[in-house]
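Student: I should like to study this structure step by step. May we proceed by questions, with the reasoning set out each time?

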Amino acid sequence: MDYESLLDNAYEKIEPVEESGRFEVLKVKGHHEGTKTIITNFGQVVSHVRRNPEHLMKFLNKELASSSEISGDRLILSRKLSSTDINDRIEKYVKRFVLCPKCKKPDTELESSGGKVFLKCLACGERYEVHKI
Ligand SMILES: [Zn+2]
């Protein structure tokens, strides 16, 4: 074997570098107003995960036993909550409704068919049934 072909061989053995792929969820920003919690970057959080704002709001209401309303980019929750509480629930939402269980990529969309909701992965093509909120 000459030098050139040795080199070729060596290159072939190099594993493809894995994308440093963990999807980072945006942390909420906000403050308390009396007994309410105002999240000021809700719009950004939602567009980052590419989901419907009402869908995420509904999930948070249920998880945090709160009611809330969307006002522009802001989400106004009826309870005084810590940012940790909210961030934890958004992480949970992302695991359940955004990340593909198989390839862990966030390139997914939700689709409804036959009264069921599916998480469809645009990266690997898998389709999983998810619970309705
Ligand atoms: Zn996938």
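Student: How many bridges join β2 to strand β4?

Tutor: The model under discussion is predicted. In it, β2 and strand β4 (residues 74-77) run antiparallel. Within this pairing Ile39 stands opposite Leu75, and the partner of Thr37 in β4 is Leu77. The number of bridges that join β2 to β4 is three.

Student: Which strand is joined to β2 by four bridges?

Tutor: The strand in question runs antiparallel to β2, and its His32 stands opposite Thr37. With β2 it forms a hairpin that has two residues between the strands, and Gly34 in the turn has a positive phi of about 65°. The strand is β1, residues 30-33.

Student: Which residues of strand β2 point to one face and are buried?

Tutor: In a regular strand the side chains alternate between the two faces of the sheet. Strand β2 (residues 36-39) shows this alternation: Lys36 and Ile38 point to one face and are not buried. Those that point to the other face and are buried are Thr37 and Ile39.

Student: What is the order of the strands in the open sheet of four strands?

Tutor: The pairing in this sheet is antiparallel. The edge strands, each of which pairs on one side only, are β1 and β3 (68-71). Neighbouring strands of the sheet are turned by 20° against each other on average, direction ignored. The order is β1-β2-β4-β3.

Student: Which residue in the turn of the hairpin of β5 and β6 has a positive phi?

Tutor: Strand β5 (residues 108-113) and strand β6 (residues 116-121) run antiparallel and are joined by six bridges. Ser112 stands opposite Val117 in β6. Two residues lie between the strands of this hairpin, and the one with a positive phi, of about 60°, is Gly114.

Student: What distance separates the end C-alpha atoms of helix α4?

Tutor: Helix α4 (residues 83-97) has 15 residues. At 1.5 Å a residue, the helix should span 21 Å. The distance in the model agrees with this expectation: 20 Å.

Student: Why do the buried residues of α4 line one face of the helix?

Tutor: The buried residues in α4 are Ile86, Ile90, Tyr93 and Phe97. An α-helix has 3.6 residues a turn, so residues three or four places apart point the same way. The face turned away from the buried side of α4 carries the exposed residues Thr84 and Glu91, while the cover over its buried residues includes β2, α2, α3, β5, β6 and β7 (127-130). Seen down the axis of α4, the buried residues line one face because they fall within an arc of 55°.

Student: Is Asn52 buried or exposed?

Tutor: Asn52 lies in the loop between α2 (42-49) and α3 (53-64). Although Asn52 and Leu110 are 58 residues apart in sequence, their C-alpha atoms are 9.6 Å apart in space. Around Asn52 there are 12 other C-beta atoms within 10 Å, and a residue with 12 or fewer counts as exposed. Asn52 is therefore exposed.

Student: Over which residues is the pLDDT below 50?

Tutor: The protein chain has a mean pLDDT of 89, and 84% of its residues reach 70 or more. One stretch has a pLDDT below 50, and beyond near neighbours in sequence it has zero contacts in the model. This stretch is residues 14-18.

Methods:
Residues numbered from 1 in each chain as written. Predicted model: local features only at pLDDT ≥ 70, side-chain atom pairs only at ≥ 80, totals over all residues. Buried ≥ 20, exposed ≤ 12 C-beta atoms within 10 Å, placed from the backbone. Pairing = 2+ DSSP bridges. Axes fitted to C-alpha atoms, helices over the stretch in contact; angles between N-to-C directions. Expected span 1.5 Å × (residues − 1). Arc of directions from axis to C-beta. Contact = placed C-beta atoms within 7 Å. pLDDT = per-residue confidence, 0-100.
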